[in-house]
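Here is my notebook from a first walk through this structure. I kept the entries short, so please follow along with the model open beside you.

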Amino acid sequence: MKDINKKLLVSLLETPSPSGREYGVEKLVEGYCLAKGYEVEHAKGGLLITKGKPPEGENYPCFAAHLDTVFDDRPFRVEEFVNSKCEPVFQGRKNGFRCGIGADDKAGVYACLHLLDELPFCKAALFEREEIGFLGATEITTHRLSWFEDVAFVIEYDSPCSNRHTYTCSGKRINSDKTFIEAKDLLEENGVTVHSNDPYTDVLALASAGIECFNLPIGYRDWHTDRETLNLTELAKGIELGKKLFEKLGLETKRRFNR
Ligand SMILES: [Zn+2]
């Protein structure tokens with residue numbers, strides 16, 4: 001895979017985006033995507049990005065993340081250190097003190113941009129206001145569900161660490177038994193062994209609208225606290241796993257719940 005673009009990742013992290021005030025990071029993402037020739041729709045609830053076109057008989061791989069963080073808009077700096085396993089890790093500092101960096105979910109936003117760059121055709125949905133009740137994803141699935149018509153399924157990157165994914169969200173399954181069984185070995189071979197029951201994230205809105213999803217780990221820890229970190233080795237692993245999952249499950253079938 002391509003190296004992690006640290007400059008882009010740091011810019012995303014250091015651009016504050018409290019829920020409801022995501023415009024700074026949206027401008028950054030839009031500028032980046034338009035310069036690469038991707039199509040960007042600024043919908044009510046977030047950004048819908050499209051690159052290329054799938055060949056006949058295939059659908060788009062689609063990735064998702066949320067643009068907002070739980071932190072305010074005071075500026076901070078990202079600093080890098082190396083952990084005991086020699087892996088590069090980011091943390092934040094503000095006025096000399098540790099602070100959260102909003103890697104929940106800027107790590108996911110970065111992963112989406114990285115995958116748009118790597119894949120020949122791809123979609124990405126970046127939602128606003130996840131942290132205050134996934135309001136952006138709810139608006140988009142209400143008003144722009146047709147945008148997801150030609151996607152095979154959706155992989156969101158909004159699970160912490162490197163070993164857990166969302167099995168149920170608020171008690172609801174986000175993919176069918178059939179899809180989960182097809183994916184299970186690949187997840188476990190890649191160290192994703194914790195099938196977690198999570199409170200909520202954007203995939204709940206998508207699954208409720210009938211689209212099968214996964215929510216994969218993307219390397220952040222201690223989220224929503226001033227001890228938050230982002231492990232770049234785990235970020236890269238998450239990106240690779242997303243690609244492998246689309247390779248394994250294929251793009252021919254539109255995976256939908258029968259509702
Ligand atoms: Zn999150």
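Before the first entry I needed one definition: helices and strands here are DSSP runs, numbered from the N terminus, with at least four residues for a helix and at least two for a strand. I also noted that this is a predicted model.

**Entry 1: E128**

I started at E128, which I found in the loop between β7 (122–127) and α4 (135–143). Is E128 buried or exposed? I counted 29 C-beta neighbours inside 10 Å, and the cut-off for buried is 20 or more, so E128 is buried.

Next I looked for partners far off in sequence. E22 is 106 residues away from E128 along the chain, yet their C-alpha atoms are 6.8 Å apart in space. Beyond its neighbours within four places in sequence, E128 touches E22, G45, G46, L67, D68 and G136.

**Entry 2: helix α4**

From that loop I moved on to α4. Which residues of α4 are buried? I listed L135, G136, A137, T138, I140 and T141. G136 was already in my notes as a contact of E128. The cover over the buried residues of α4 includes β1 (39–43), β2 (46–51), β7 and α6 (202–208).

**Entry 3: the nonpolar core**

I then looked up the largest nonpolar core, and it has 66 residues. Those with the most contacts inside this core are A111, C112, A124, L126 and V154. Which element gives the most to this core? It is α3, with nine residues. I wrote a general reminder in the margin: in soluble globular proteins, nonpolar side chains tend to be buried together.

I picked V154 for a closer look. Leaving out neighbours within four places in sequence, V154 is in contact with C62, A64, V203, L206, I211 and C213.

**Entry 4: α3 against α1**

Since α3 had caught my eye, I checked how it packs. Helix α1 (residues 6–14) and helix α3 (residues 103–118) meet at an angle of about 140 degrees, and their axes are 9 Å apart. Why do I call this pair oblique rather than roughly antiparallel? Roughly antiparallel needs an angle over 145 degrees, so α1 and α3 count as oblique. Their crossing is right-handed.

On the α1 side I noted L8, L9, L12 and L13, which meet A103, K106, V109, Y110 and L113 of α3. This contact comes out as eight nonpolar residues, no polar ones and one charged.

**Entry 5: α3 against α7**

The other helix I checked against α3 was α7 (residues 232–249). The axes of α3 and α7 come within 10 Å and cross at roughly 50 degrees. That angle makes α3 oblique to α7. The crossing of α3 and α7 is right-handed.

Here A107, A111, H114 and L115 of α3 meet L235, G238, I239 and G242 of α7. The residues of this contact divide into five nonpolar, three polar and no charged. I recognised A111 from my core entry, where it is among the residues with the most contacts.

**Entry 6: backbone oddities**

I went through some backbone angles next. Where is there a cis peptide bond? I found one from D104 to D105, with omega near 15 degrees. D105 has its place in helix α3.

C86 has phi near 65 degrees, a positive value in a residue other than glycine. C86 sits in the loop between β4 (77–82) and β5. With 7 C-beta neighbours inside 10 Å, C86 counts as exposed.

For H224, too, phi is near 65 degrees and positive, again in a residue other than glycine. H224 is in the loop between β13 (220–221) and β14 (229–231). I counted 14 C-beta neighbours inside 10 Å, so H224 is partly exposed.

**Entry 7: two strand residues**

P88 belongs to strand β5 (residues 88–94). It has 16 C-beta neighbours inside 10 Å, so P88 is partly exposed. Apart from neighbours within four places in sequence, P88 is in contact with E80, V82, L232 and T233. I also checked P88 against A65, 23 residues apart along the chain, and their C-alpha atoms are separated by 22 Å.

My last stop was S196, in strand β11 (residues 194–198). S196 has 16 C-beta neighbours inside 10 Å and therefore counts as partly exposed. Outside its neighbours within four places in sequence, S196 is in contact with R164, H165, T166 and Y167.

Definitions and conventions: Residues numbered from 1 in each chain as written. Predicted model: local features only at pLDDT ≥ 70, side-chain atom pairs only at ≥ 80, totals over all residues. Buried ≥ 20, exposed ≤ 12 C-beta atoms within 10 Å, placed from the backbone. Contact = placed C-beta atoms within 7 Å. Axes fitted to C-alpha atoms, helices over the stretch in contact; angles between N-to-C directions. Parallel < 35°, antiparallel > 145°, perpendicular 65-115°, else oblique. Left-handed = near helix turned anticlockwise from the far one by under 90°. Nonpolar A, V, L, I, M, F, W, Y, C, P; charged D, E, K, R; others polar. Core = buried A, V, L, I, M, F, W, Y, C linked by C-beta atoms within 7 Å.
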